[in-house]
Amino acid sequence: MTGISYVDGRYVSHAEAFVHMEDRGYQFADGVYEVIAVYGGKLVDEASHLDRLERSLSEVGIAFPGSRASLGIVLREMMRRNRLKHGSLYLQVTRGVARRDHAYVDAMRPVLTVAVRRATPPLRSASLAGYRVISIPDIRWKRCDIKSVGLLPNILGKKQAMRAGAAEAWMIDEAGMVTEGTTSNAWIVTATGELVTRYLDEGILPGVTRRALIGFAERAQMPVVQRAFSLAEAKTAREAFYTSATAILRPVIQIDETKIGDGVVGPVARRLVDAYFDALETV
Ligand code: PDD
């Protein structure tokens, strides 16, 4: 990556964007993050991402770095300095720098870092390719609602998917239910045309894209049900897809060795992608 990054109060060249080795994010994964898409020079769903950041921080007892307003200024300044039109911003807040000790001291000064990722603008048509996913056991901790930088199970799962020639891995809990993808939320469309995505609790990340799409679906009077669904049900679904800020919506045409529906991108996925892009292009 080139360009300008933000490290603990300073804008620096990305090549010199270093944090201290005793940053607790580095030693303990003691930190949280957000990935916010940038489209046409604008932050997509900024308020929802900052709400979730605030919640993640408060759940682990890390102070918000400055104020929401000052963070908004840093994010905009990063887009300006990097002349970022399309891509994403990665922002991370760790508990801060201290001598290594599991027991942290209260009221540490959090460390904020921000980096940009440039990308070609997403295209509706690109979202309409079909993707394969594999299923893997969900071996994560019991607070997946917190967007923690501790992502070992996710990165191992994603790598396993890549090795299998798939784009994503869906994680399966002990009851055989799909929780979510390693970097995305999971959805299916049932034979009766119901859109199903898992309910929110501590088992999954409350995806910002998930939430936006539920809104679009409801406004279009498409039936949405938030409930758990099993891997077996997903394999017999009419459609399946997954969503995230950077991937937007990816239709799933195969899970493990099973073809989904007719093995092509379905009409519900198409409608949702259209609704999402219509909103994106009118902001
Ligand atoms: N990942 N679930 C997990 C485990 C995720 O890591 C993500 C996002 C999502 C989707 O959330 P959202 O719609 O708010 O992006 C669900 C980001 C993109 C990442 O880690 O890069």
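A polar contact here is a pair of N or O atoms within 3.5 Å; within protein, one must be able to donate a hydrogen and the other to accept it, and residues adjacent in sequence count only if both atoms are side-chain atoms. Keep that in mind for the ligand. What you're looking at is a predicted model, where local features need pLDDT of at least 70, side-chain atom pairs count only at pLDDT 80 or more, and totals for chains, interfaces and linings use all residues. Residues are numbered from 1 along each chain as its sequence is written, and side-chain values use heavy atoms, with hydrogens and water left out.

**Around the ligand**

There are 20 residues around the ligand (a heavy atom within 4 Å of it). Tyr 33, Glu 180, Val 208, Thr 209 and Ala 245 come nearest. Three side chains with short polar distances to the ligand are these:

| Side chain | Ligand atom | Distance |
|---|---|---|
| Tyr 33 | oxygen | 2.7 Å |
| Arg 52 | oxygen | 2.8 Å |
| Glu 180 | nitrogen | 2.7 Å |

**Between the domains**

The domain assignment (automatic or from a database) splits the protein chain into domain 1 (4–118) and domain 2 (124–280). Their C-alpha centres sit 26 Å apart. Counting contacts as heavy atoms within 4.5 Å, 20 residues of domain 1 touch 18 residues of domain 2.

Together the two domains bury about 1700 Å², with 63% of that from carbon and sulfur atoms; buried area is the accessible area (1.4 Å probe) that two parts lose on being put together, summed over both. On the domain 1 side, Tyr 33, Tyr 39 and Arg 52 supply 35% of the area buried against domain 2, more than any other three residues.

Polar contacts link six residue pairs across this interface, both residues at pLDDT 80 or more. The side of domain 1 that touches domain 2 gets at least two residues from each of strand S3 (31–39), helix H2 (46–60) and strand S5 (87–94). Those elements are DSSP runs, numbered from the N terminus: helices are H or I with at least four residues, strands E with at least two.

**Salt bridges**

For these, a side-chain nitrogen of Lys or Arg must be within 4 Å of a carboxyl oxygen of Asp or Glu. The structure holds 22 of them. Arg 95 pairs with Asp 30 at 2.7 Å between the closest N and O atoms. That salt bridge links distant parts of the chain, 65 residues apart. Two salt bridges are counted between domain 1 and domain 2.
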